[in-house]
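Work through the exercises below with the structure open. Each task is followed by a solution in steps.

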Amino acid sequence: MERLIEIKKLTKIYPGVRALDDVSFTINKGEVHALVGENGAGKSTLIKILAGVITPDEGEILIDDKVESFSHPLEALQKGIAVTFQDLSLFPNLSVAENISISRKIEEGDMVLDWSEMKRIARKAIDELGVKLDINKKLGYLSIGNQQLVAIARALVHDAKLLILDEPTASLAKEDINALFRVVNLLKKRGMSILFVSHKLDEIFEISDRISVLRDGKYIGTYPKEEITEDELISYMVGRKVRYTRYDKRKRQEPLLEVKNLSKKNNFKDISFTLNRGEILGITGLVGAGRTEVAQAIFGNNVPDSGEIYLEGKRINNDSTSKALKTGIAYVPESRQTQGLVLGKSLADNITVTILDRITNGLNLLDKRLKTGIVREWIDKLNIKPAYPDMQIDQFSGGNQQKAVIAKWLAYNPKVLIVDEPTQGIDIGAKSEIHKLLRDLAEEGMGIIVISSELPEVLAICDRILVMRRGRIAGEFTGDDVTQEELLNKAITKAG
Ligand SMILES: Nc1ncnc2c1ncn2[C@@H]1O[C@H](COP(=O)(O)OP(=O)(O)OP(=O)(O)O)[C@@H](O)[C@H]1O
Ligand SMILES: [Mg+2]
């Protein structure tokens with residue numbers, strides 16, 4: 001195979017950490033190349049260098065055997081490297097057409113925006129992807145999956161040779177993932193190379209040709225997909241063997257949270273269930289089935305039209321999140337960067353933001369030692385890396401930021417904890433640690449609702465599982481012999 005990109009001895013050092021340490025490997029023309037590694041391994045750092053967002057301390061990048069350096073994303077784009085970051089960096093208030101063609105217009109120095117020309121460029125790109133999208137629609141109205149496609153169309157417009165996708169499927173519904181993979185395969189056939197970052201091993205094995213592994217900033221190796229097993233790949237990433245523990249189902253009988261006939265137009269209908277003390281209740285189903293909407297209703301963020309909620313036998317009326325928190329209900333949201341973190345503040349401040357009253361004394365003075373102790377405890381329990389309480393939250397890797405959000409709500413020590421996709425973007429080693437933590441918290445009496453699309457995860461840790469489909473509860477499962485197929489069938493087929 002002909003090579004497109006050669007990454008040569010890249011090193012990037014941040015205070016106290018070698019994010020990349022002498023990394024070299026090549027990306028071939030027309031291949032899907034997966035980049036994997038634990039949280040903080042250096043994947044996003046490598047991508048940011050390729051994309052011209054940051055510059056390396058040492059090393060170089062060759063495109064078609066020529067050394068190239070770029071200090072700005074537009075320069076990288078001109079050299080044929082296009083990136084869709086997790087946040088996509090699109091403009092929600094502009095139309096699809098504008099989003100696709102605007103950077104090309106800027107790049108060409110053409111500040112007079114010819115509307116029909118822009119539309120023509122956009123339509124061509126969308127057609128090439130073989131998808132259906134209304135280019136006149138405001139981007140903000142599209143699903144995340146379709147926004148993803150817009151970001152890729154934008155790359156196409158620039159004749160990108162390398163398209164980089166950083167965790168593109170983290171918040172996509174199954175059918176959107178399929179659409180994305182169809183597009184990726186199409187681009188590959190046309191000779192484009194794709195660099196794909198993900199923590200989802202099944203997807204990596206489905207879509208990629210070769211897989212490169214980073215560990216603690218160091219390059220471990222590149223492996224053709226056919227020549228490596230999932231277990232081997234995990235051991236290269238983590239340096240040890242990791243398996244999901246499937247915990248025994250517990251029977252709990254003491255109702256903690258009762259939801260009765262909860263309905264909201266266009267959201268969910270007739271939702272009734274009980275969460276017992278000391279139990280982990282799973283809610284699964286396709287993205288868009290209404291799981292998050294129900295969770296938000298319990299958390300006071302989405303007032304239902306009708307129905308009742310009881311906590312410890314007492315009717316509660318949560319019409320605000322602060323009320324919900326006071327009653328002892330906490331919710332760890334799905335999109336943590338926008339909903340979960342105070343950017344610009346330290347890790348320690350983020351972890352303790354929910355418990356300020358507990359760490360200040362009667363005179364409103366902060367008890368620093370208490371705060372430090374609590375922060376240390378959670379950094380330990382969730383293995384947040386690097387273990388620097390005073391480092392700005394923005395400087396942690398994506399997965400470690402997510403751990404910080406989880407820590408902040410666990411520190412609050414609620415009676416009922418609702419976690420939405422708790423291990424999305426979290427590496428496989430840390431995942432099993434978080435599973436253990438949730439099981440321990442339930443053992444101590446907390447009631448936990450886990451919303452997850454990842455069926456192995458639901459099966460591993462939940463005592464009982466509800467499946468939602470189109471806003472309704474389609475089925476309930478208990479027992480140790482439930483299978484993924486049964487859950488999936490309930491999630492997609494009509495109730496018989
Ligand atoms: N701006 C920064 N300042 C200081 N340290 C940083 C900065 N950006 C990244 N780092 C550190 O560099 C290391 C690598 O981070 P990177 O984001 O590349 O990891 P990653 O492999 O993408 O992880 P994840 O799977 O969690 O997204 C981490 O230890 C991170 O804390
Ligand atoms: Mg990352």
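**Exercise 1. The hairpin of S4 and S5**

Task: Which residue of S5 is the bridge partner of leucine 62? Then follow the pairing of the strands outward from there.

Solution. The model is a predicted one.
Step 1. Leucine 62 has valine 67 in S5 as its bridge partner.
Step 2. That pair belongs to an antiparallel arrangement in which S4 and strand S5 (residues 66-68) are joined by three bridges.
Step 3. Two residues lie between the strands of this hairpin, and aspartate 64 there has a positive phi near 50°.
Step 4. S4 (residues 58-63) is also joined to strand S1 (residues 3-14), antiparallel, by five bridges. Lysine 8 has glutamate 60 in S4 as its bridge partner.

**Exercise 2. A sheet and a helix across it**

Task: In what order do the four strands of the open sheet stand, and which strands are at its edges?

Solution.
Step 1. The order is S12-S11-S14-S15, with antiparallel pairing.
Step 2. Strand S12 (268-276) and strand S15 (314-316) are the edge strands, since each pairs on one side only.
Step 3. With direction ignored, neighbouring strands of this sheet are turned against each other by 20° on average.
Step 4. At the S15 edge, three bridges connect S15 with strand S14 (residues 306-311) in the antiparallel sense. Within this pairing, isoleucine 309 is opposite isoleucine 316 of S15.
Step 5. Helix H9 (residues 291-298) lies across S11 (255-264), S12 and S14, and runs at about 115° to S11.

**Exercise 3. Helix H15**

Task: Compare the expected span of H15 with the distance between its end C-alpha atoms, and decide how far the helix is enclosed.

Solution.
Step 1. H15 covers residues 398-411, which is 14 residues.
Step 2. The expected span is 1.5 Å times one less than the number of residues, and for H15 this gives 20 Å.
Step 3. The end C-alpha atoms are 20 Å apart, in agreement with the expected span.
Step 4. A residue counts as buried if 20 or more other C-beta atoms lie within 10 Å of its own. Of the 14 residues of H15, 14 are buried, so the helix is largely enclosed by the rest of the structure.
Step 5. Just after H15, asparagine 413 has a positive phi of about 55°.

**Exercise 4. The shell around ligand 1**

Task: How many residues surround ligand 1, and which elements give two or more of them?

Solution.
Step 1. Ligand 1 is surrounded by 18 residues, the closest being Asn39, Ser44, Ser397, Gly398 and Gly399.
Step 2. Strand S2 (17-28), helix H1 (43-50) and H15 each give two or more residues to the shell.
Step 3. By class, the shell has six nonpolar residues, 11 polar and one charged.

Terms used: Residues numbered from 1 in each chain as written. Chains lettered and ligands numbered in written order. Predicted model: local features only at pLDDT ≥ 70, side-chain atom pairs only at ≥ 80, totals over all residues. Buried ≥ 20, exposed ≤ 12 C-beta atoms within 10 Å, placed from the backbone. Pairing = 2+ DSSP bridges. Axes fitted to C-alpha atoms, helices over the stretch in contact; angles between N-to-C directions. Contact = placed C-beta atoms within 7 Å. Near = placed C-beta within 6 Å. Nonpolar A, V, L, I, M, F, W, Y, C, P; charged D, E, K, R; others polar.
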